[in-house]
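Trainee: I'd like a close look at a single part of this model rather than a tour of the whole thing. Please pick one strand, and walk me through its partners and surroundings.

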Amino acid sequence: MSDKKQGEAEQPSNNIVWIIALSIILNVALGSFIYSILREILGFNDDYAGLTSIAICIFIAYIYFKDNEKDKPIDEKPENIQQEVPSGFSYRKINDKPVGEKTTKYESTTLNENERSQKELDRYIRKNHSKEEIGLFYERYVGYVFESKGWHVIYHGAKKGKEDEGIDLICIKEDRVRLVQCKYWSQNKTLFENSIFQLYGTWQLRVKNNEFGSKRIDAYIITSTTLGKVAKNSAETLGVKFTENFALNKNYPQIKCTTTKDGEKIYHLPTDQQYDNIGINKDSRRFYVSTVANAVAKGHRRAYRHAFHNNDL
């Protein structure tokens, strides 16, 4: 008899031993209780009540082990398991730990990381964003529009948070600098003049401090709604430019692809730590794509631990 058949023959024998052992334990723990129910309530005589209580304990033990057998994984050899790889994706072992750190068993499991990343991006786009999240989404979209027109964009608000001084984007193009404030508001609301005054003050302070040298600086408000009458008059009087009813397109290309100085190609999702530290311009080393499959097809992989140092750019 082969080893495999011997192993199969041994399994039922082991189960019988365990069933008997569990039956004895159940009979000790529950036998008297079941016996009293059968005798006092159902009217069984002493012999039938005793035998029936033992049979019930054996039956419970049998059912327990039968259910456990269903839950056991099928023991197949790894080489016999075939996985269908979607077009544009690749499988690799996840190893996001820096050299020298131990990798856990879970982290070393072979997974389709690219497919997982695509699902993460899809969830991010479809989710019900909070007020802060949708504001950041809007800033990134406006930044993308500027970048597509040849501006170099610094995502000032995303990096500074509440200390952004009313400036969400710093857009630079040749000898021009545009300080941009983005306001994603409901269509039934209007923008008030306090936003105009804040941006104007920050703008003039930077001009006075000669922060950008000889470059021409202007201030720009972009909003998904409209400016109130006073706000619009204030902007026109102070020279603050504005664009109203600028809608958010959630389906714009959001994956940022870059190439490091060492030639390593990396892509970043909006959920990654260093996403807002990366500016995309017309340099062929940096560009947007819509899907993870597109990034992978161009030779990029997701950033390890979803972060890297700025000096690698």
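Mentor: One definition before we start: two strands count as paired if DSSP finds at least two bridges between them. Also bear in mind that this is a predicted model.

Let's take strand E5, which covers residues 176–183. E5 belongs to an open sheet of 5 strands with mixed pairing, in the order E3-E4-E5-E7-E9. Strand E3 (152–154) and strand E9 (241–243) sit at the edges with a single partner strand each, so one side of each lacks a neighbour in the sheet. From one strand to the next, the twist averages 25 degrees.

E5 itself has E4 on one side and E7 on the other, going by the strand order. With E7 the pairing is parallel and runs over 8 bridges. Arg178 stands opposite Asp218 in E7, and Val177 has Ile217 as its bridge partner there. As for what lies over the sheet, helix H4 (residues 131–148) packs on it and touches E3, E4, E5 and E7. The direction of H4 makes about 150 degrees with that of E5.

Now have a closer look at Arg178. You might expect an arginine to be out in the open, but is this one buried or exposed? Its relative accessibility is 9%, so Arg178 counts as buried, the cut-off for that being under 20%. The strand around it is mostly covered too, with 7 of the 8 residues of E5 buried. Asp218 is more than a partner across the strands: its side chain and that of Arg178 are joined by a polar contact of 3.0 Å. Leaving out residues up to four places away in sequence, Arg178 touches Phe146, Trp151, Leu169, Ile170, Cys171, Asp218, Tyr220 and Lys241.

Over on the other side, E4 (169–173) and E5 run antiparallel, joined by 5 bridges. One position to look at is Ile170, which stands opposite Leu179 in E5. The two strands form a hairpin with 2 residues between them, and in it Glu174 takes a positive phi near 55 degrees. Why is that worth a second glance? Most residues other than glycine have a negative phi. Glu174, in the loop between E4 and E5, has a relative accessible area of 68%, so it counts as exposed.

Asn210 makes a handy comparison, being another non-glycine with a positive phi of about 55 degrees. Asn210 is in the loop between helix H6 (193–208) and strand E7 (216–223), that is, in the lead-up to the parallel partner of E5. At 48% relative accessibility, Asn210 counts as partly exposed.

Last stop: Ile167, in the loop between helix H5 (156–160) and E4. With a relative accessibility of 0%, Ile167 counts as buried. Ile167 and Gln181 are 14 residues apart in sequence, yet their C-alpha atoms are 5.1 Å apart in space. If you skip residues up to four places away in sequence, Ile167 touches His156, Gly157, Leu179, Val180, Leu199, Thr202 and Arg206. Leu179 brings us back to the hairpin, where it stands opposite Ile170.

So when you turn the model around, follow E5 from its parallel partner E7 to its antiparallel partner E4, and keep an eye on the polar contact between Arg178 and Asp218.

Terms used
Residues numbered from 1 in each chain as written. Predicted model: local features only at pLDDT ≥ 70, side-chain atom pairs only at ≥ 80, totals over all residues. Heavy atoms only, no water. Helix = DSSP H or I, 4+ residues; strand = E, 2+ residues; numbered from the N terminus. Buried < 20%, exposed > 50% of the residue type's maximum accessible area, 1.4 Å probe, protein only. Polar contact = N/O pair within 3.5 Å; in protein donor to acceptor, adjacent residues only side chain to side chain. Contact = heavy atoms within 4.5 Å. Axes fitted to C-alpha atoms, helices over the stretch in contact; angles between N-to-C directions.
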